[in-house]
Amino acid sequence: MSAREGKRMFGRFLLIWSFLGLMFLSAVPSFAAPSDGTSAQTAKPAPGAAAPGATSSEGIGWNSISANVNRQLASIQTTLKRIFNQLNRTDVPIGTDALVHMGQQAEGALNNAQSLQTQIASYQSIYESYVDVIGAKPVEGESPNIAAQRKRLQTGLQDIKSARTQSKLYELQAKQLQADIQRRNVRMHQALLSEQLESPLTPGFWHNLIGDYPDDRQVFARPSDDGYTGPLYRWPYFLIALGGTLAALVLAGRPSLSLLRRVQVSIMRRFGHRQEADTSSISFLPVALNGFVCAVMSVIVWELLAHILGFASDEGNAFISGLAGALPICGFIIGAGLPILSHATAADGLTPDAPRALRGADWSLALIVLFQNILLLLSKENIFGLTSQRFLEGIYAIVVSTIFAMVCRRLSHDSEAQHIRLAPPVRGVSFLVMIVAWGAVALGYFSFAFTMVSWFVSLGVGLAILGLLALCLRELTTRLLAPGTLLAARLAPLGVGSNRVAQLGVLISGAGNLILMVVLVAIAMSDGNFDIATIADRLRTLFVGQSINGVHFSLGTVVTCIFILIAAYYGIRQVRLWLEHKLFPTTRLDIGAQSSILNVITYVAWIAIFLLTLSEAGLTMKNLTWVVSALSVGIGFGLQSIVQNFVSGIILIAERPIRVGDMVQIGGTTGDVKRISVRSTEIGLGDGSTMIVPNSQFITSPVRNATLSGALSAVSVSVTISPRADAMSAQQLLMKMMEERSDILKSPGPGVAISAITDTGVTLALSAKVPSARDVGGVTNAMMEDAYRALREADIPLGKPA
């Protein structure tokens, strides 16, 4: 580069940074007093202080957002006050839906308060920094402009602190309301399960049921002159719409399944699975697709019939919307033919015994789910009287538990279906549920019996549906991502091997099964309310989570933390590989220094990732106080050696008294250092084995490092010749022998010296340097052999050592 080009580049560099500096100075107000004696009116205003003659909203500091912050604080206050008033009302009973809605509102207020705290804290730190710059107190001889700016800053800082204190207060109130809502929800659920009416075996129960009859009739009353309308006055239209929807599903389910099977055969032949397509192999893909088709069809037919019959315009009718949410589940059950062995599944070609044993199980199960959701909707809307509602729930619990037990018994004892003998635990559970349901109803615990049976129904149906989807996912990944498939053949030219394709299929199947398990948990949390909206809300609760003692737990946070750890693992590994194979070969660092650098980088990176994961999970040192306390107690009782080895490992990595590749001797064992971690050090022994030594042993015990001072090592050999021999000739002979050896260094050169003279012999000491301490044993043995051979050939007799 010429001098002119260098000056030109420097000028561009200076121009760019001058422009950036001007932008920064124009964005950040100046607090310095004018140096030329100008008045305070020409000085720039402080952050948060409006310019003279301007409104406060025109500032760029706190004044620009204070109005918005105050509005948000007022909105949070209004929300919390409304929730508090609703919780403390005594004239209106609070239902489960109302508690759920209030819990969502309290969670939203909590999130808004926490977000405001973060925003306000940033302004507070900036204002405090500005106050520190100009000083908190006036000094003698300062400009009036500085005093005015200080006053405006301190006023703004007081407003910021007040807003932050208010947001903290609202955060605490929101947490208290969340805890109160959760306690009330638990108490309400427990009260519902423990609710006991009069036993149906007593006349009092039937007397109360007859007493509810006049009020229950009003539920079906048509619109009257006084404006009263029964919530179920259109019940014949509801029944017609439900019957028409179920009839359409039953009529269209079988042709739709046949069509999907023919489409699957055509696709399999098109993509090279001709042999599987021509055989009668079982496939669950058309079964699941038919279930989805029937689910969509149920919604379409229901909406169409609702418009034709004229009750679709009843906006806000929770009963109608609840039925619409349950129909897709019923449609999937009928379309997929659950249980798997019913007449509409892929297994119907195996043997006629199983379909005969479960004939009609699909539409019966759909009707059970539909009736269950209808009873839940009736109870939620308080449409019937208490005794009538509980009576219907008791009948449902008795009938469904009895049907379930009888079906299990039929599957276990039918002579024509011995190959599908039901597992004894399932049969035992079915009879136990039936006995408990009958006993609970007989004692008057109708709610308990209904809740138990409905929960088992929802869990069983959900498990069956998700099990079918899991089978479909496994079949799909097997057909698409197995070695030898069309997709594997297309990916092969791209360098993707068949084993990688198979691994991808396993990963996709595992991820899908994990998602299905999460959905099953959401179904189990739905308390028997088996409709799409309730399950979606439970899934949202699982992913969004909730705050417990200031810590936010959610499935989304767990997935994010796992993703961070996996990405960090592969990222750190790639950095290590780049350092080890790209950067280090271009340096003069020995293997020990390279290993220390890699260890330090790895541990520092994992500590940073650990802190990042804790931050993402919402954990702080305040939340981990109990963990630190428990660790301190554990260290005091049983973790001293672990902590000692950890600290010793850090000392070994930092001071490097031993390095990877060194030849050390500890406790009478000699070997090469292969790896140094924060807990232990691995030493490779001569027999090929590895000895793992705790790091504290290298700090507290004597250690011999043969390669610490350098790579060179010394070899010493003693030879004793007869006192009558010529010692000078023997000395020259042995010196020549060592100089001819290639494994002995020439610089520094070897030496031969007389170390002892006695009447029994003259002792000659041979010394030499070798490149490595690992060569000492072999070179020593070879030198002794060569010395013995040279002395024999020169007829120099050996003597006796002293």
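**Close-up 1. The salt bridge of Arg675 and Glu682 in the predicted model.** Arg675 has a relative accessibility of 43% and therefore counts as partly exposed. The structure shown is a predicted model. The side chain of Arg675 meets that of Glu682 in a salt bridge, with 3.7 Å from N to O. Glu682 is likewise partly exposed, its relative accessible area being 23%. In the whole structure there are seven salt bridges.

**Close-up 2. A salt-bridge network that includes Glu195, Arg390 and Glu393.** These three residues are joined into one network by salt bridges that share partners. Within the network, Glu393 forms a salt bridge with Arg390, and the closest N and O atoms are 3.4 Å apart. Both Arg390 and Glu393 belong to helix α13, which spans residues 386–413. The two residues stand three positions apart, about one turn of the helix. Glu393 and Arg390 are both buried.

**Close-up 3. A salt bridge within helix α4.** Glu171 and Lys175 form a salt bridge whose closest N and O atoms are 3.3 Å apart. Because the two residues are four residues apart in helix α4 (residues 144–193), about one helical turn separates them. Glu171 has a relative accessibility of 13% and so counts as buried, the limit being under 20%. Lys175, in contrast, is partly exposed, with a relative accessible area of 26%.

**Close-up 4. The surroundings of Thr681 in strand β5.** Thr681 is part of strand β5, which covers residues 680–684. At 0% relative accessibility, this threonine, Thr681, counts as buried. The side chains of Thr681 and Asn695 are joined by a polar contact of 2.7 Å. Leaving aside residues up to four places away in sequence, Thr681 touches several others, among them Leu652, Ile658, Val673, Ile676, Met691, Val693 and Phe698. Arg675, the salt-bridge partner of Glu682, is also touched by Thr681.

**Close-up 5. The aromatic pair of Phe205 and Trp206.** Eight aromatic pairs are found in a search of the whole structure. One of them is formed by Phe205 and Trp206, with 5.3 Å from centre to centre and 85° between the planes, an edge-to-face arrangement. Phe205 counts as buried at 1% relative accessibility, whereas Trp206 is partly exposed, with a relative accessible area of 38%. Ring pairs link Phe205 and Trp206 with Phe391 and Phe446 into a cluster.

**Close-up 6. The tyrosine pair Tyr569 and Tyr570.** The ring centres of Tyr569 and Tyr570 lie 5.2 Å apart and the planes are at 80°, so this pair is edge-to-face. Tyr569 is partly exposed, with a relative accessible area of 42%. Tyr570 is also partly exposed, at 45%.

**Close-up 7. A nonpolar surface patch with residues of helix α19.** Val558, Ile562, Leu565, Ile566, Tyr569, Tyr570 and Trp606 make a nonpolar surface patch of about 650 Å². Helix α19 (residues 555–583) supplies the largest share of the patch, six residues. One residue of this helix is Ile566. Ile566 is partly exposed, with a relative accessible area of 45%.

**Close-up 8. A positive phi at Asp795.** Asp795 is placed in the segment after helix α25 (776–793). Most residues other than glycine have a negative phi. The phi of Asp795 is near 55°, a positive value in a residue other than glycine. With a relative accessibility of 67%, Asp795 counts as exposed, because the limit for that term is over 50%.

Terms used
Residues numbered from 1 in each chain as written. Predicted model: local features only at pLDDT ≥ 70, side-chain atom pairs only at ≥ 80, totals over all residues. Heavy atoms only, no water. Buried < 20%, exposed > 50% of the residue type's maximum accessible area, 1.4 Å probe, protein only. Phe/Tyr/Trp six-rings, centres within 6.5 Å; stacked < 30°, edge-to-face > 60°. Patch = residues over 30% accessible without salt bridge, like charges linked within 9 Å, V, L, I, M, F, W, Y side chains within 5 Å. Areas by Shrake-Rupley, 256 points an atom, 1.4 Å probe, with all protein chains shown as cover. Salt bridge = Lys/Arg side-chain N within 4 Å of Asp/Glu carboxyl O. Polar contact = N/O pair within 3.5 Å; in protein donor to acceptor, adjacent residues only side chain to side chain. Contact = heavy atoms within 4.5 Å.
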